[in-house]
Structure formats: C-alpha cells, structure tokens
Amino acid sequence: MSALVRFLAGFCREHPLDDKLLVVPSFVAGRQIGEALAREAGSWINLRFVTTPALAAEVLERRGDAGAARPMTSSAEIALTDRLFRELLAEGELDYFGQAGASPGLSRALHRAVRELRLDGRTSADLRAERFLVERKGRALAVLLARYERTLEADGLLDLPGLLSRAVEAARRASLASVRILCPADLRLCRLESELVSAAAGGRLVTVPGDAVVGLERPRQCRPLPDDQDLAGAGRLSWLFAPDRVPPEKDARIEIFRALGPANECREILRRLYAGKVPFDQAEVLAPPGSAHATVFYLLSARTGLPATFGDGIAVSFTSPGRLFFGLLDWLENDFSSDDLCRLLENGDLTLPAGAGEGPLASRTACRHLRNAMIGWGRDRYADRLSALRESKLADFAVLEGCAEGEGGDERELDRAAALAAAAEIEALSASIGRLLAAIPGPDAGGFFGLRGLCEGFFGLIRDFGRSESDFDRRALQALLDRLGEFAAESRFQAMPLKEALDLIRTAGASLRVGASPPLPGRLHIAGLSSGGYSGRPLTFVAGLDEASFPGRGLQDPILLDEERAALSETLPTSADILRSGLFGLASVLASLRGRLVLSYPSYDIVEGRESFPSSIVLQAFRLLRGRPDLDYAALDKALPDASGFLPGAGRAFDEADWWLDRLMAEPRPDGARTVSANFPDLAAGLAARDARAGEKLTAYDGLVDIGPLREEVDPFAGGGAVMSATRLELLAKCPFGYFLRHVLRVQPPEEAAFDRSRWLDPLQRGSLIHEVLCDFMTGVAEKGEAVEAARHRPELAGIAGEKIAAARRRIPPPSEGIFESERRDILETLDIFLTAEETRETKGRPLAFEKEIAAERIEVAGGRSFRLRGFIDRVDEIGEDTYRVIDYKTGSAKPYEDLVYFGRGRTLQPALYAVAFEQMMARERPGSAPRVAESGYFFPSRRGEGHEIMVGAFDRERLRRLLEELLGLIEKGYFIAGPDAKCAYCDFHDVCVSGGPDGSKEECEANRKVFEAYAKLDEYK
Ligand code: SF4
C-alpha cells in the first residue's frame, strides 16, 4: 500500500463524517486513488477529489462569487495573446518584438510567459523593466500584460490564473471552514494554486505525506515535510537516489531492458506481458511527456484491437477528424492543391456525398477524375477543369453513338455506358467539391482573410465531410468543433494574410488530446509520468527513459530567462526547478509503486540513425538493484541484454508482424521466396525476372525480346502499326530499353499537374507557348510579304504573345503574381532575342511554311526497305530556287547539340529526317522540281540559347539510309537492352526502371557481344 493510500485510509477512518477534499493533479488520478483506497483499505465516505481549478470554482460557488465571467480554454488564451500582440505591434508599442513580427510560435511563447507570470500572481505593475536583462523586453512584456489584463476585465473573460486568483481572494475572506482539505505533500503547485489550497483550508490544511524520496532535494513547489520522515513503510525504491543507505531488508523487483526505438520498446512490453501471461489490467505503462509511446500503443490498439486506456488521451491528429482538420489546413495553404485533396480522400478522412439521398462517392473514383482533370491547384480551377473533363466524356459518348450500328459490338456498348457513367460521376464530384469550396470564405478586397469566417468554414467542413467511426473519432470531432466555435467567437481579429490565419487555426487543434480515461478492467493502461502511477496495478513499466527525454535538456524559456525570473519573483520556476521537479516527480512515483517495476529506454534512434543513452534514473535503478552505488554506465551497458528489436524471439510474437518475423527466423529456416512464389503468382513472376536479370546472359527481362507475336504492331518494317517520329527514333538510339517501355509495353509516366510554388510553366508548356506565338507571328509576316524588323514588329509580336500568355494563364494558374510576371518577362525576352536574330540573319530567305505536317511519309532505308515517318516541321524557308532551310525552334540551351555534325550517332536525327521528308513532299507538291534542303537544324531563340542556330548542311543520304536500317534493325531483332549511353538521371522512367542502366549493361557486354556490337555501330554515324 502506498504511503498516500495508507494515510488516506487512516484519516478516513478517524474522520468518517467530515467533508473531505483531496487535491489531485487530475480527475483521472483522483478516481484511481479512490479505487485503490477501496481496494486496499475497505470502504470510505465523504471524500471527494478536486483539481485546483475545480477547487477554485467550488470556493467561488460557495461564496456566491462565481460572477458572470466566461472561463477560457488555453487555446482561447493563446488566440487572445496573439490578437493583442498584433494590435500592439501595429500601434508601434512593442519595439523589442517588432523585428520578429507576429507568428504563432512567438504567440505561444508569449502566452506561456504571460500565463506563468499570472500563475505566480505577478501583474503588469510588477514587471519593472530594470529586472530584465534587456529593459526594452521588460517594457514590452509589461505593455502586453497590461493590455491582456484590461481586455479580460473589459470582456468579462476568466483565464486560469484569473480564476485561481479570484478564488484566493474569496477564500481569504472566508475559507471552506466546514471542509477538511487534504493536499499531497509531493504535489507540485504553482504559487496561486498553493495560496488557494492554504486559503481555502483556512489553517486546517492536512498535508498528505507521500512515499519518502531519500537523497533528492525536494522541489520548491512541493509542500515542506518534517525532516524525520517515517521510513518504516517505505519500499526499496525510496532509496533510488541513496542506494548506499538502503536498509538490507528492503526489497524491490526491478528489471531493465533497452530496445531499438520506442516502437520496439512498446512491442517488447507487450511481448513480456504475453510471455508472462499477465492480464492487461494488471499492468500500467508510464512514459515521459512528449514521447511517442502513447501514440505507438494507440496505433497498435487501432490495428490489432489491443484493449487499452490512455490516461492523457491521444492527440487529435491521430484521429480521422483530426487528420481531416490538419489536411484541410494544408489544402488551403497549398492553394487548394488537388494532390492534398486526393490524399484526404484516399485516406478515407474526407467523404464527398454524391448528392441528395445518395451515398458518398467512392474515393478511388473521385481521385481518378480529379487527377484526369489536371487541376493541379487553384480554387477556381476545380469547376472549370471538371467541366472540361465531363465535356470530353460526353464527346466520347457522342462519337461512340455515331459509330455505325453493330460496329464494335458489345465492347462499344460497354464503352458508351462507361462514358455516360463517368460524366455523371464527374458532375456529382463537381457539385460536391463546389459545396466544399463554398464553405471556405475567400479574401477581402485587400487579399486578407477573416479568422471568424475561416473558423466557421472549417467547423462546417469537418462536421459535414468528416468520418467518425470510433469513440476517439467522435470525441475528437466534438473537441475540434468546440475549439473552432470558440475561435470563431473571438471575432475581433483584424483580417490577416491567409498563412497567418491558418497557423492560428492550427494552434486551436495542435494541443488537443481526447479520450483520457482511468484504467478500466481488461485493458492495459498507458499514462504520462505526471498523471500515472496511481492505478495500484502489480506491474508497472516505465518506458522512454533515454537521457534526451528524461529529465530533458533543461533549456531556458526563450522569453523569460532564468535570471529574470529570479529577479521578478522567488517562486517563478527556473529551468533548474523544472528539471528538479521532473526528477523528483518520477522518483516519488517510483517510490509509491508496489510490485514489479520494469524500466526501459530506446537505445537507438531509428529515424536519425544514431545511438541513444539511458537516463541517469536508469543507472540509479541499476545501482539500487545491485546494491552497488559505485556502478557506472559502462557496467550498466555490459549488464543489459541486447536491445529488443524487430525479431520477437521464439514464442514471443505479439501480432501478425511479429509472428511472421518469428517464423522467418525459426529453424529450419523456411524458404520464404518459395512460399511467397507459391502463393502470389505476380510476385513469383517478379522474382523470376530478378533472377533472370542477375545472370550474365541477356534475357527478355533485360530487353532481349522476341517480338514475333507483336511484329505487325511494333516493327516499322513489318506493317502499318508502328509509324515513327524523329523523337521516337532518337529515343531508340539513346536507350532502347526506354523505347521498349514507352512504345512496346506502352508504359506512360502519370500525367499529373503538381503544385510547384517556384514555377508557373514547366519547360514543355513554355516551349509550346513560344512555338505557338512564333508560328502565328511568322505566318502573319509571311502573308504580308514582309521581312522581320525588330523595331517594327516588336509590338505585333508582343500583342500575339500577350493573348497566348493570357490564355495559358487561364488554363494554368501561376502560384503568385511575382512568378507570373517574371516568367512573362522571360518569354518576352526570348521573343526579343528571336526578333534580333531573325533581323540579322545572313541568308534571309522567304518563310514558306509553318507547322508543316509530315503525315506518315515513307522513308527509304538501306536494303530497299522503308518505314513511315510523321511529325511537324516548325518552319521552312525558301532560300533559293528549289533550295530550302528547315528550322525547328528550341527554347532550351544549345549545349546538347554543340557537337552535332550530321546525325549525332543516331541521337539527333531530326534535321536529316525532316530534310529528306520535306524534299519528298515538295517534289510531290511541285512536280518537275528538284527540291533540296540546304540547311536543316535548330534555332535557339532564348536567353540560354542566345539566338544561336545549329544547322546540318549537305549530308550523305546513303549514310542516313544505312543508319536508319541499323537503328530500326534493333527493333526487328528485339534488342531493347539499356544502352551504354542511357542518361538515366533525366529519364521519365528513372523511378520504375529495373534495367540497371548503363552500369548493368556494361556487366553483360562481354557475354552478349552481338547485341552490343549493334549498338556500337551507331557510334560511327557522327
Ligand atoms: S532509366 Fe535509364 S535504362 Fe531505364 S529507360 Fe531510362 S534511360 Fe533507359
């Protein structure tokens, strides 16, 4: 029996009819003390458990002094501090903090300082500037605190210190004389709490001794105790900090283990419970504040059904409404990024009702349409892009409708039904998202947002679009709604930038925890070090005792430094007080425990990949256990078994994951690959592919493919299926494996408009916009028979560019006005470079054609065979009689083409191919002529290209034919192995490619000479 319970039992026996109030740190702790009392000492009556705020409320109630003031939650206090701070900044009253500006982090720190000062009974009048190391800071804090005090008064608000100090005054006028107030000696109270307890007791305060803690200084916040404490009933753990003085008859059952990270620590606890057949409700787990242990147990509980209660509840961010709340904040902050929205839908935290009376839209369907709509981001784009997608589905339907009867048969019917169904889904999705967006207010004329409107918007969204399936979810939803309602009620915030408003709203949910519960039968109880240890269960685990987590680093408060605290008040806690208090708190909890104690610490930080070390309290426990105060950390390290990790050890599996890992380690070792292959045919195929790829001999998995069955479709020599383009041929020359993925297997990189804050147009979009502008401009110039003159044509070109840029802006919203303007200027600069280069061109010529289509032109190769080519020529100039220049605009750098002679080893084939194709087309268009392309190549009208041109002149047509024959021969022979020149870093398939790239091919080169000789031949065509 702990000293506290023993004392209470005696006191209740002696004063059964007195009204008794025991001050407790929380109601959850009070309930446990009551149960322990009943369990260990029999019945009791007239004893109630109160926290200090509850005691204050009772004092005010009994004195008829409750008043009309509205109590505030801590996040309302933070919001108020933030508002007043902004007001004072705007008024120029806070010069010390002026440079830092308003931010939620600073508001939280200031609120902490204000609260601590007020809990210590300090007022703005006490904050004399000369007591601060920097007087300006002292003055600024005094101004803020004075405004805070006045606002509470004027608005009839009651923060926690206000409640306590009002109760202290009331109790000093008249204590609760009819009640006996009992206060645990080890309870650490702030000054106002301490004064309240004393004033309410009115000289009849009963100090309840806890279990003795020998060898450790008592924190200042504890009530004093007589020096000669009775140690007769103390357990061995009372001497944790004085192991050399422990009486030999005192016994304790202490175990220590370490684990690889907190998750494995929690698993090891469960494995020990299973192995020892300990019922869950016979054990309690304590962990330091801020550690991950409660979260790990919660996630295990959600996944495996582990029955558990949480003394401090769990953070709302782990519940579905919490994830929705924070996810929606990110969604807004990222300018309504469709990626963020899809994530919320895919996680199931956001549900979109399809319409009146209909069920929610399947998230996979909604995400598919959202992605296909290419929304990217931007509030206004959802309706437009979804409408365009719906139109395209209806157009597909119309085309299918228009097909001749019987054409396509059942398949056409299915396609028609699918197109119609998709159109209906998109319509419902658009309506749902419209409702979602309508709930979120837009900015005012100045681009600022009202906090109240946003809070109300979020309130409606998480209430109407969320999911609450568990008890934790329902509590989290209610807690979030309450907080948002409270924030919305604080309506006097000035409109502010969106980011600041969202950060403030985030603080409303950041500290919320829900589902705090006392220990319940049949469930493992998990609690914090300061709130736990009251369950009286025979087995207690204290986890997370690494030196960084406990007792902590002891950093000073950034606003109120230790020296300033000491100068302001003798009771304001310093960082040393906080460390001492934490250490003493745990020592007193451990001293109060009876039964088996298991201490543990994470010995490795898996995320950071570094070792972590035990707290001093673990070393003390080890010394106590061995009765050897001289033992050091090295001895502890040597004595402890290896850290518990992912492998549970024979027969200690806690869940399915443990069981599988255990099976994999069992002797004889199971053949995991064989078992997996036997049960999962796709994985079996994957394993076979991996083995084949690992061999020296090339196989289909490396890209040595028998294209026989597909020859008609993929071999350009074999039939009409494969019409080649210059880009396609160049890809084949650069990396045949990439060609195989894209054009044989038809693997496409996902098309998704991703939100990039630093860019408006990607290189492809920018390039095609410039192409369009130049095509329109040059068409106009050619029609008028003019030659380009920079000064004269600049306005005309700028006019065309302005229209095209505006249209692009409607399709693709820029992330900011600044970025748009910078890219717009860059485009205009490119066009200016074009004008200058065009004006100063030596051989002017006559622009003849733009965007000239090459429509499946038959191109001869060596050996009398041919293939079909398609493409578009950006521009053709007539530069002499039957003599032409073929130009392709490139908006990037000229660097990759600097070494081009004729064919770039097959990697730059376009100039030669377009020249040949154009000559053939012209010969048909102008019968009897002998057209000749004298120059064909690239024009780089950009800052990076500096207006250069790289042209291929007269080249050997026969060599081109031989090159094409050899290149296309790779497809014919099924040689699709990654080439030695593959540029994997720039490849679209980089993330999914399994070929091993050039390194892989180097290894196989020796054993597969024939294939690589075919590749090497291409190198001869410079
Ligand atoms: S990642 Fe490398 S080997 Fe694979 S397709 Fe791309 S370029 Fe070829």
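In this predicted model, Arg766 and Asp826 form a salt bridge. Their closest N and O atoms are 2.6 Å apart. Arg766 belongs to helix H30 (residues 763–783), and Asp826 to helix H32 (residues 817–839). The pair therefore ties together parts that are 60 residues apart in sequence. Arg766 counts as buried, at 15% relative accessibility.

This contact is one of 86 salt bridges found in a search of the whole structure. Another joins the side chains of Glu268 and Arg652, with an N to O distance of 2.7 Å. Glu268 lies in helix H10 (residues 261–275). Arg652 lies in the loop between helix H23 (633–639) and helix H24 (656–665). Parts 384 residues apart in sequence are tied together by the pair, because its two members sit in these separate elements. Glu268 is buried, with a relative accessible area of 4%. Arg652, at 22% relative accessibility, counts as partly exposed.

A further salt bridge links Asp1019 and Arg907. Here the closest N and O atoms are 3.7 Å apart. The two residues come from distant parts of the chain, 112 residues apart. Asp1019 is in the segment after helix H36 (1009–1018). Arg907 is in the loop between strand E20 (883–889) and helix H33 (910–925). Asp1019 is partly exposed, with a relative accessible area of 29%. Arg907 is buried, with a relative accessible area of 14%.

Salt bridges that share partners also build a network. Glu268 and Arg652 both belong to this network. Its other members are Glu255, Arg267, Arg271, Arg272, Arg596, Asp655 and Asp658.

Nonpolar packing was examined next. In soluble globular proteins, nonpolar side chains tend to be buried together. The largest nonpolar core of the model has 84 residues. Leu273, Phe297 and Trp331 have the most contacts inside this core. Helix H18 (residues 471–489) supplies the largest share of the core, nine residues. Trp331 touches several residues beyond its neighbours within four places in sequence. Phe336, Ser337, Asp340 and Leu341 are among them. Tyr382, Leu436, Leu437 and Ile440 are also in contact with Trp331. Apart from the largest core lies another, of 65 residues. Among the residues of this other core are Val861, Phe867, Phe903 and Phe940.

The surroundings of the ligand were then considered. Four cysteines, Cys735, Cys984, Cys987 and Cys993, are part of the shell around the ligand. Ala978 and Ala982 also surround the ligand, together with Gly738, Ser995 and Gly997. By class, the shell has six nonpolar and three polar residues. No charged residue is found in the shell.

Cysteine pairing was also assessed. A disulfide is a covalent bond between the sulfur atoms of two cysteines. The structure holds zero disulfides. Cys12 is thus in no disulfide; its nearest cysteine sulfur, that of Cys183, is 16 Å away. Cys12 counts as buried, at 8% relative accessibility. Cys222 is likewise in no disulfide. The cysteine sulfur nearest to Cys222 is again that of Cys183, 9.4 Å away. That distance does not meet the cut-off, because a disulfide needs sulfur atoms within 2.5 Å. Cys222 counts as buried, at 10% relative accessibility.

Note on methods:
Residues numbered from 1 in each chain as written. Predicted model: local features only at pLDDT ≥ 70, side-chain atom pairs only at ≥ 80, totals over all residues. Heavy atoms only, no water. Salt bridge = Lys/Arg side-chain N within 4 Å of Asp/Glu carboxyl O. Helix = DSSP H or I, 4+ residues; strand = E, 2+ residues; numbered from the N terminus. Buried < 20%, exposed > 50% of the residue type's maximum accessible area, 1.4 Å probe, protein only. Near = heavy atom within 4 Å. Nonpolar A, V, L, I, M, F, W, Y, C, P; charged D, E, K, R; others polar. Core = buried A, V, L, I, M, F, W, Y, C linked by side-chain atoms within 4.5 Å. Contact = heavy atoms within 4.5 Å.
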